[in-house]
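Okay, thanks for making time, everyone. Let me put the structure up and walk you through a couple of things in it.

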Amino acid sequence: MILVTGGAGFIGANFILDWLAQSDEPVVNLDKLTYAGNLENLASLQDDPRHVFVRGDIGDGELVAQLLRQYRPRAILHFAAESHVDRSILAPGEFVQTNVQGTLSLLEAARAHVAGLSGEERAAFRFLHVSTDEVYGSLGPQDPAFSETTPYAPNSPYAASKAASDHLVRAYHHTYGLATLTTNCSNNYGPYQFPEKLIPLMIANALAGKPLPVYGDGQQVRDWLYVGDHCAAIRRVLEAGKPGEVYNVGGSSEMTNLKVVGTLCDILDRLVPAAHSRHEQIAFVADRPGHDRRYAIDAGKIRRELGWEPAHSFAAGLEDTVRWYLAHGDWVSHVQTGAYLEWVERNYGKRGEVA
């Protein structure tokens with residue numbers, strides 16, 4: 001048995017689906033079901049006894065302790081997080097509460113749980129913390145990619161909250177001997193991603209004939225990682241990672257935001273022809289405050305030590321992603337609730353187009 005936090009969100013849901021497609025080991029899924037947590041992501045597991053869903057907050061220490069006593073998981077995989085930079089700019093306190101206080105509460109529950117385990121169970125237990133490359137800050141055009149030894153330099157409230165949680169996880173290993181593992185990933189994309197993030201937002205807007213809002217000049221560079229490849233990396237780290245270690249996970253696919261949007265337009269123009277090219281819908285809007293210019297991941301360590309590397313090229317992964325969204329229009333319409341539309345207007349509505 002494993003315990004997954006945030007398993008109804010984008011990466012967590014993909015992880016659970018992949019896990020149960022390859023293993024019969026049951027999963028306890030603890031998720032608060034905030035705006036981005038969606039049980040429709042796991043509809044195929046509705047009657048599957050291997051998936052136990054519990055609605056609750058990682059900050060509820062009593063609930064987490066009860067789950068640990070009841071199910072005695074051999075590992076906690078911690079996906080639960082507030083994860084959107086724009087939202088962190090508008091409401092930083094929520095990010096500190098979930099990402100910092102929530103992680104601290106979870107670590108405390110794990111520490112108490114491990115203290116009560118027998119020698120064999122204690123030795124086997126793992127706490128795997130899923131984090132982000134944004135904790136490392138921003139790179140110049142010629143700077144080497146982020147490695148596990150790159151100094152932290154977070155530039156947004158979101159990145160700062162994840163950096164704090166990373167430091168707590170490290171401290172619990174070094175101070176208390178908790179067998180922790182940390183992964184820092186690059187930008188994920190793929191099925192079930194909430195349409196506030198770049199790729200699903202652009203797909204939804206393009207199909208609806210709406211503007212495709214690109215921040216600033218669109219030349220911000222990101223390393224893109226297909227979510228299925230990320231899930232495979234996490235499984236491998238859980239299986240063979242060394243306690244106390246950090247593993248960077250990247251897709252080796254650096255690309256500007258404008259290039260990503262243009263590629264999406266090309267795919268949609270081919271798969272769903274319209275009277276005009278979707279390129280005509282691209283609209284440059286005022287940039288995000290403190291927008292990091294470039295992220296890039298050096299995934300050499302996980303490749304060398306654990307034998308993982310991404311199986312999807314960006315072109316193949318992006319085409320699969322577009323086809324998934326085209327085939328799941330009902331899912332998209334269901335997640336685009338009034339609260340989501342209100343947030344889109346709040347974040348993008350006042351930026352306006354720029355020349």
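So, Tyr-136, Phe-146, Tyr-152 and Tyr-295 are joined by ring pairs into a cluster. Keep in mind that this is a predicted model.

Aromatic pairs come to 16 in the count here. One of them sits in that cluster: Phe-146 with Tyr-295, a tilted pair, with 6.3 Å from centre to centre and 45° between the planes. These two come from distant parts of the chain, 149 residues apart. Phe-146 is in the loop between strand E5 and helix H6, while Tyr-295 is in the loop between strand E12 and helix H10. And both Phe-146 and Tyr-295 are buried.

Now have a look at Tyr-189 and Trp-224. Their pair is edge-to-face, 6.3 Å centre to centre, with 70° between the planes. Tyr-189 belongs to strand E7 and Trp-224 to strand E9, so this pair ties together parts 35 residues apart in sequence. Are they buried or exposed? Tyr-189 has 1% relative accessibility, so it counts as buried, and Trp-224, at 4%, counts as buried too.

Okay, over to the helices. The axes of H1, residues 10-22, and H8, residues 227-240, come within 9 Å and cross at roughly 65°. That is why we can call H1 and H8 roughly perpendicular to each other. The crossing is right-handed.

Who makes the contact? On H1, the residues include Phe-10, Phe-15 and Trp-19, and on H8 they include Val-227, Cys-231 and Leu-238. The residues of this H1 and H8 contact split into eight nonpolar, four polar and two charged.

Definitions and conventions. Residues are numbered from 1 along each chain as its sequence is written. This is a predicted model: local features need pLDDT of at least 70, side-chain atom pairs count only at pLDDT 80 or more; totals for chains, interfaces and linings use all residues. Side-chain values use heavy atoms; hydrogens and water are left out. Axes are lines fitted to C-alpha atoms, for helices over the stretch in contact, and angles run from 0 to 180 degrees between N-to-C directions. Helices (H or I, at least four residues) and strands (E, at least two) are DSSP runs, numbered from the N terminus. Angles under 35 degrees count as roughly parallel, over 145 as roughly antiparallel, 65 to 115 as roughly perpendicular and the rest as oblique. A crossing is left-handed if the near helix is turned anticlockwise from the far one by less than a right angle, and right-handed if clockwise. Contact means heavy atoms within 4.5 Å. Ala, Val, Leu, Ile, Met, Phe, Trp, Tyr, Cys and Pro count as nonpolar, Asp, Glu, Lys and Arg as charged, and the others, Gly among them, as polar. Rings of Phe, Tyr and Trp (its six-membered ring) pair if their centres lie within 6.5 Å; planes under 30 degrees apart count as stacked, over 60 as edge-to-face and the rest as tilted. Buried means under 20% relative accessible area, exposed over 50%, partly exposed in between (1.4 Å probe, protein chains only).
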